[in-house]
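Dear colleague,

I am passing this structure on to you, together with a short account of what was found in it. Please keep it open while you read the notes that follow.

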Amino acid sequence: MATNQQLVSMAQKALMGVYKPAPIVLYEGRGCRVKDVEGREYLDMCAGVAVVSVGHSHPAMVAAISGQAARLMHVSNLFYNERAIELATELGKRTPFDRFFFCNSGTEAVEAMLKLARRHHFQRGDRERSELVSTLGSFHGRSMGSLTLTGEPKYQEGVGPLMGGVRHVPYDDPAALRAAVNERTAAVVLEPIQGEGGIVVPGDRYLAEARSICDRAGALLLFDEVQTGFGRTGRFLACEHSGVVPDACALAKGIAGGFPLGALAVSEKVAPALQPGSHGSTFGGNALGCAAALAVLRIFDQEKLIENAERVGKHLGERLQAMADDPAIPAAAGARGRGLLRGIVLAETVDPAMTVQKIREAGVLLSLAGGNVLRFSPPLCVSQTEIDEAADHVIPVLRDAPGKSPS
Ligand SMILES: *Cc1c(COP(=O)(O)O)cnc(C)c1O
């Protein structure tokens, strides 16, 4: 087999330079562990950015996907397939939503949600209501619509003009939200916890206040649970922690354990906004993706993975808080998050990318969020022992954290 280095140099010639991956080529995985092409093993605390929800190559996932592939993969939305019907029915039992639209990614789910919001008011004759209110520091995707919602200018550089009619307000600031929402507002779009923005958990009342601000103004409340959904925070959806039910919600990442799938979940009230012809997706809701998502749900039940996310997530939180509180680890300036979506805020003086690299060299895969937050988003099957093993590798690196080079 080719070495990491050989493959990386081929990659650098053949792949567009859209990403800057670590110089390792991963080859196989099981549970929370992956190996590169040279057989070096890593503990995976990244899980493909909160995607590999039931762990790598779970035998029941492999069986569900290969079984479905052998029977029927795709028929388009000109016909029904059983798996999509089953998945929508099952999601209806597990969430406060009534109806579902399937697509292939988080971005697509957000995009469908935006069209739903504007069309909802359009169909009711309220054609002035087209404004969308989003938050600074948010991440909603990279298509032109979802990118406009994304509250981070660095992702928007050089690709304008963007979609019109979007306002950004500071996150976790009910007064700013109240001031921005009016009779022209179609919808407010929020992440229950900002993921890419740095695992920012809002105050306990924020989502409930957003709900009442929207209700009073006649605007829809939309949640982007692409990162926080599917058990990640120790509940099926993160909005359950607050008791707030939005009018629609975008799902993806962990939904099918690594198979590309997204979903828009909506209440009966707003479902009629997307009529035949108003939206669609060739691949969306294909039998293979839906079979993968159904397998994820079965594994969640059999292995009690949402309960595991809560219990082991609490342990992870305690380990990270202990690092943040330890005067011998000044690099860890804070710890935050919920369930198995957590982060260590790195001190100003620390080089985040170099820290991630050193942790990888110590055998643990992590990603960064918000530029300076070490994100832990392991598979939901992670054990307390694996968390401890990861922490034991991370601590020495943080004790001796690489400083920023003067520039
Ligand atoms: C990852 C993410 C997206 C984009 O999902 P893709 O599958 O990359 O299109 C949108 N919103 C949130 C909150 C995300 O974390």
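A polar contact here is a pair of N or O atoms within 3.5 Å. With that in mind, a polar side-chain atom of Lys 253 lies 2.6 Å from an oxygen atom of the ligand, in what is, I should say at once, a predicted model. Two further contacts of this kind involve Thr 107, which has a polar side-chain atom 2.5 Å from a ligand oxygen, and Gly 106, where a backbone N or O atom is 2.9 Å from an oxygen atom of the ligand. The protein covers 82% of the 380 Å² of accessible area that the ligand has on its own.

The residues surrounding the ligand are Ser 105, Gly 106, Thr 107, Phe 139, His 140, Gly 141, Glu 191, Asp 224, Val 226, Gln 227 and Lys 253, and this shell divides into two nonpolar, six polar and three charged residues.

I also looked at the cysteines, where the count of disulfides comes to zero. A disulfide needs two cysteine sulfur atoms within 2.5 Å, and because the sulfur of Cys 32 is 4.1 Å from the closest cysteine sulfur, in Cys 381, that pair is too far apart for a bond. Likewise, the sulfur of Cys 249 has its closest cysteine sulfur in Cys 239, at 6.0 Å, which is too far for a bond. Cys 32 counts as buried at 2% relative accessibility, and Cys 249 is buried with a relative accessible area of 0%.

With best wishes

Conventions: Residues are numbered from 1 along each chain as its sequence is written. This is a predicted model: local features need pLDDT of at least 70, side-chain atom pairs count only at pLDDT 80 or more; totals for chains, interfaces and linings use all residues. Side-chain values use heavy atoms; hydrogens and water are left out. A residue is near a molecule or strand if one of its heavy atoms lies within 4 Å of it. A polar contact is a pair of N or O atoms within 3.5 Å; within protein, one must be able to donate a hydrogen and the other to accept it, and residues adjacent in sequence count only if both atoms are side-chain atoms. Accessible areas come from the Shrake-Rupley method with a 1.4 Å probe; for residues, only the protein chains shown count as cover. Ala, Val, Leu, Ile, Met, Phe, Trp, Tyr, Cys and Pro count as nonpolar, Asp, Glu, Lys and Arg as charged, and the others, Gly among them, as polar. Buried means under 20% relative accessible area, exposed over 50%, partly exposed in between (1.4 Å probe, protein chains only).
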